[in-house]
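Student: Could you take me closely through one part of this model, the salt bridges, beginning with a pair inside a single helix and working outwards to the contact between the chains? I would like one connected account.

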Amino acid sequence: MTIHGLLYIALLFALVLGAAFPLGRYMAAIFEGRIVWLRQVEMCFYRLAGIDAGRQMGWQSYAIALLLLSVIHFGMLYAILRLQYYLPFNPLHIAGMSPRLAFNTAASFTTNTNWQAYVPEQQISNGAQMLGLCVHMFLSAAAGIAAAAAVMRAFTGSGLKTLGNFYTDLTRITLYLLIPGALIAATLLVMAGAPQTFAQAVQLHTLQSGAQPLAIGPVAFQEAIKEFGTNGGGFFNANSAHPFENPNAWTNLLENWLLLVIGFALPIAFGHMVKDKPQGRTLMAAMAIILVLGCVGAYAAEAAGNPQQIAAGVQASGNWEGKEIRFGIPASTTFNVSATGTSTGAVDSFTDSYTPLGGAVPLFLMQLGEVTPGGVGSGFYTIIVFALLSVFVAGLMVGRTPEYLGKKVQAKEIKLAMLGVLILTFFILVGAGFSLVTPSGIASLANGGPHGLSEMLYGWTSATENNGSAFAGLSADTPLLDYGLGAAMLFGRFAFMVPVLAIAGSLAAKPKLAESAGTFPTTGTLFTFLLIGVIIILGGLQFMPADTLGPIAEHFLLYAGKSF
Amino acid sequence: MSKAETISLFDAGIIRRAMLESLAKLNPVTLARNPVIFVTEIVAALVAATGIEALLTHRPAGFSITIAIWLWLTVIFATFAEAVAEGRGRARAESLRRARSDTMAKLLMDPHDRAIFIPTPAPDLRCDDVVLVEAGDLIPSDGEVIEGVASVNESAVTGESAPVVREAGGDRSAVTGGTHLVSDWLVVRITADAGATFLDRMIALVEGAERRKTPNEIALNILLAGLTIVFVIAVVTLVGFGQYSGTRFSIPVLAALLVCLIPTTIGGLLSAIGIAGMDRLVRFNVVATSGRAVEAAGDVDALLLDKTGTITFGNRMAAGFYPVPSVNERILAEACVMASLGDDTPEGRSILSFARDRYGISLATPDDAAIIPFSANTRMSGIDTGGKSYRKGAVDSVLAALGVAPDPAFTESIARIARAGSTPLAVTADGKLLGAIELKDIVKPGIKERFAALRAMGIRTIMVTGDNRITAATIAAEAGVDDYIAEANPQNKLDYIRKVQSEGRLVAMCGDGTNDAPALAQADVGVAMQTGTQAAREAGNMVDLDSDPTKLIEIVEIGKQLLITRGALTTFSIANDISKYFAILPAIFITTYPQLGALNIMQLNTPESAILSAVIFNALIIVVLVPLALRGVKFRAIGAAALLKRNLLIYGLGGIIAPFVGIKLIDMVLGLFHIFS
């Protein structure tokens, strides 16, 4: 590790956290309907779609609207992927996707996962990228943020019957946050050299006088929303390691900033919404502490390098395998850790090539439930679930029945929260455990031993937690993994989101109790560390046995002279 | 059943009986109520079967059998904890039950004719039956006096042996089944069916027989069940991960891992904590009609306290003598004493003791004294002796009787006394005005500090008094309450409670009269006095058998203590998991990856010894914590933030560290005896 590397991490976090405060305030204003500079456009949408913008929805209506939209989008995306051969903007005449791969991909983009079991350059047309994938990068992100806004509203008053209007939330978030942000970021990326064109390929003449097609397309805009909406689905298979997606170290910093900033701004927006800013800052602090530790940890592991390669004289220091020289180790590890801490899943280096501990950090961050700061919206509502569990477990220790922001946490909320935790645990462990004993699953592995176990565990974790990053190595386009991971993505998203909205509905209806000196304090250092402890113990401990057989075993074996 | 009667934590009789009962409680049908321990039992049975099978097929079975034994012990320790708590409650219930002997009641056909009654067994009485109770009878069931006045010994219920008066109408009309009529007769309308009387409910509650889980307990059980399922998934899927890695885990090993990870400590102690909390209340002579009320008591953030008897001593006391200018202070003091010699009221006695303490005046009643008692007409009392007459009384009455305009200095003293919230009395000797006595509400010593402690806990205190605003404000300032309700009546009390509740606060109050019933019902915690009316007792959710309104404060503390104990042990139990991973994971993976031995940071002897040590620790910790569960974690009024810091340090950090030490020690002991090492 060098001081420059650590300074890079410090710089990134200073930029992200510094921006999160004003952005959070702006987002709270969007959620409260106080941002109106595109009022005409907004109203035009409502008129076209026949939406009553004034209608307030209870949690059930809100959840149904969200699910309905997702089902329709899923169907549309599935159709586009199957029929892309016949659709415009397909100059390379790429064939339609197989049903199973189309299912997997549609599930992936509807759930903001962006798991890519396909090779984009070869299996998806520019038209499908733009109309199918890119659209969903906006909509799935907006849907997640809308759900988070609904959860925030639950804490704003007593006896609330409604959580807002899903359609206006979705429209406003897209219109006032995602599109402007993506436009600015795309412009910056284009200035740095990322392509934004309808041409599909440039024909190159190589030195050996061969011809090589170089895929290009509307990259910059998709890249911007890929990061800003914590999507992660790359225009190219190499994702953000590809020079067209991520031309230089500056764009790397920009993209890293983009993928973190909304996640960290959401708790700040929450603080504004509930008129208690320290509450938001506390959640943000817990997120930031875990992520900074993860960034430093992964950087330390990669900077220390692979002892066998160093001993063999292959590398002087540090593990450079799978990393871009133009980014360097700290920027690479920080990018990947940020992308797994946010359910973005973008990569600018290959986690599969990381040292075992370096690769364990992204895996563990995903297993914690994607709360550091997690996917846009989903990270926020997941950390709220952990905050509820924290006050429930430890809150009793101040001698009152547990409450969070004046709302009593009772049997119903705990039941729904545990249901969510169970679903995530089930798909990750049962999925990976089962796949590892089936011949089909084992055939998908590129490596044996604990490294192979890590690949499979990583895949199921990534899908269930809607991250979408891959440990590479895993051949995911098989019936087992296409269908299995597709189901994991859908359940990981919606079977968690709906209970959370139900929790929000239940809490909203409760009276908001006044705060006193006897109230469990949910701000400050003590609660921050309590929350971190609960996230690790309730969110991560169940994965320790499996992790021990994966990256942890591999680590000790590596230092004992065995590698995989 | 008095406060003095405490049951030892290690009462041999209770422990012996609990040991037997803990075995009876192993019945899986009843145990299924407790998901964590139920899963432990299933796993224990599975391991036992594995061990027996190995034994029968002549394979090594020692490890399986040992693990099975300790898993069964884990279950038994948990049921034992519950049995001990129930046993303690039952011991208390026994003394109550003795009072519930089945008497013959005198059922009246015509409530107005006491001559004709039908002897009826008490259990056959129904609501609205009317019975006659005469001196020497036991009152057959709960009821309301509709005719008569009598003294009743209620020691069977309250532990207080001095008889209390019960009479028709007013706030003293409720009688309790099982209490004893000492004198006179009463006609009582029965208000409870057999088996549903106050005494029956108390017995059921303290025995824990009818114990329903409280809301927080239900929620906690859901969390524990959820965690159990999460860890079942983690352990079962480990079979798959193991098979891929080339390891076959034996059933005892997986069982040990599972049982160590699921929260058996809190799962085993949860119901004992609840029963013990109820028991602590009963020990304070307070009976809650539901466990929910006990939890709500911990949440209370506003206490409505009656001024008289709670904040001040029940009676006004002399606090100063103010002579008119022409009179010597000592002369006045002597006149005050003379005027009060025949006054047996607490106010009168306080004048005598004030004169003795302040002026050293102590006079005996002269033989020729004619005592003039207080009358509503004259509003004066006093004494005639040796040709002299001494009087004291309400200022305006005395002045009216004298028929002269008072000295301006006297008027000034009276005004000052009234401004201070005290009551002035005028004193005369032979028709001459000597001065005034200040009768003051004396705030109980130490009460101000208690209110400060309550404030630190986030609880506001509100004084309720019938006094006017000036008097109320003075006492309120002196006692250090946060707010007061002056000129209180049932309606403004009710309004106040509603207002506080609308601000999102939970309110506790106590009351005794029928007109308190609406407020008692509206309050989140309503403590009715045992001496109160049936209506008040029905409206409240707790009854204080000692009828001591000060207890509201203790009730809140008991509620908090119950919740703290539950939270502390939950946190401890969950924090334990970290060390168990370090004990068990290296042990079970070591055959596949010997390098994982590096995780064996406790340097445990062998894999078997490591696993066994973790299982033994997991079982023993339940027994070790039984006294804490029964006694409760001590509550400190230091504010939530400080309390959390303290408890988090002890039970959170302690929960992480303690098992490392415990498991290592057990492993060393096992090593000493060469057991699996």
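Tutor: In this predicted model, Lys226(A) and Glu223(A) are joined by a salt bridge whose closest N and O atoms are 3.0 Å apart. Both partners belong to helix H8 of chain A, where they stand three residues apart, about one turn of the helix, and both of them are buried. The helix around them is mostly covered, since nine of the ten residues of H8(A), which spans residues 219-228, are buried; among them, besides the charged pair, are Val219(A), Ala220(A), Ile225(A) and Phe228(A). The buried residues of H8(A) pack against four helices of chain A, namely H6 (126-153), H7 (166-191), H9 (249-273) and H12 (328-341). After H8(A) comes Thr230(A), which has a positive phi, near 45°.

One of those packing partners, helix H7 of chain A, contains Thr168(A), which counts as buried because its relative accessibility, 2%, is under the 20% cut-off. Leaving out residues up to four places away in sequence, Thr168(A) touches Tyr46(A) and Ala53(A).

The pair in H8(A) belongs to a wider set, for the structure holds 36 salt bridges over all chains. Side chains of opposite charge can pair when their charged atoms come close. In chain B, Lys106(B) forms a salt bridge with Asp137(B), with 3.0 Å between the closest N and O atoms. Lys106(B) lies in strand S1 (residues 104-108) of chain B, while Asp137(B) lies in the loop between strands S3 (130-134) and S4 (143-147), so this pair ties together parts that are 31 residues apart in sequence. At 18% relative accessibility, Lys106(B) counts as buried.

Another salt bridge of chain B links Asp430(B) with Lys388(B), the closest N and O atoms being 3.5 Å apart. Here Asp430(B) sits in the loop between strands S16 (423-429) and S17 (432-443) of chain B and Lys388(B) in strand S15 (residues 388-394), so the pair ties together parts that are 42 residues apart in sequence. Both ends are partly exposed: Asp430(B) has a relative accessible area of 42%, and Lys388(B) has a relative accessibility of 40%.

Salt bridges that share partners also join Arg400(A), Glu403(A), Lys408(A), Asp299(B) and Asp301(B) into one network. Within that group, the side chains of Lys408(A) and Asp299(B) meet in a salt bridge at 3.2 Å, N to O. Across the interface of chain B and chain A there are two salt bridges, together with twelve residue pairs in polar contact, both residues of each being at pLDDT 80 or more. On the side of chain B that touches chain A, the elements giving two or more residues are helices H7 (215-245), H10 (291-299), H16 (447-456), H21, H22 (577-589) and H24 of chain B. The largest share of that side, 21 residues, comes from H7(B).

As for the extent of this contact, 62 residues of chain B and 63 residues of chain A take part. The two chains bury about 5,100 Å² between them, and 79% of that area is on carbon and sulfur atoms. Phe241(B), Tyr244(B) and Leu644(B) supply 16% of the area that chain B buries against chain A, more than any other three residues.

Notes. Residues numbered from 1 in each chain as written. Chains lettered and ligands numbered in written order. Predicted model: local features only at pLDDT ≥ 70, side-chain atom pairs only at ≥ 80, totals over all residues. Heavy atoms only, no water. Contact = heavy atoms within 4.5 Å. Buried area = accessible area lost by both parts, 1.4 Å probe. Salt bridge = Lys/Arg side-chain N within 4 Å of Asp/Glu carboxyl O. Polar contact = N/O pair within 3.5 Å; in protein donor to acceptor, adjacent residues only side chain to side chain. Buried < 20%, exposed > 50% of the residue type's maximum accessible area, 1.4 Å probe, protein only.
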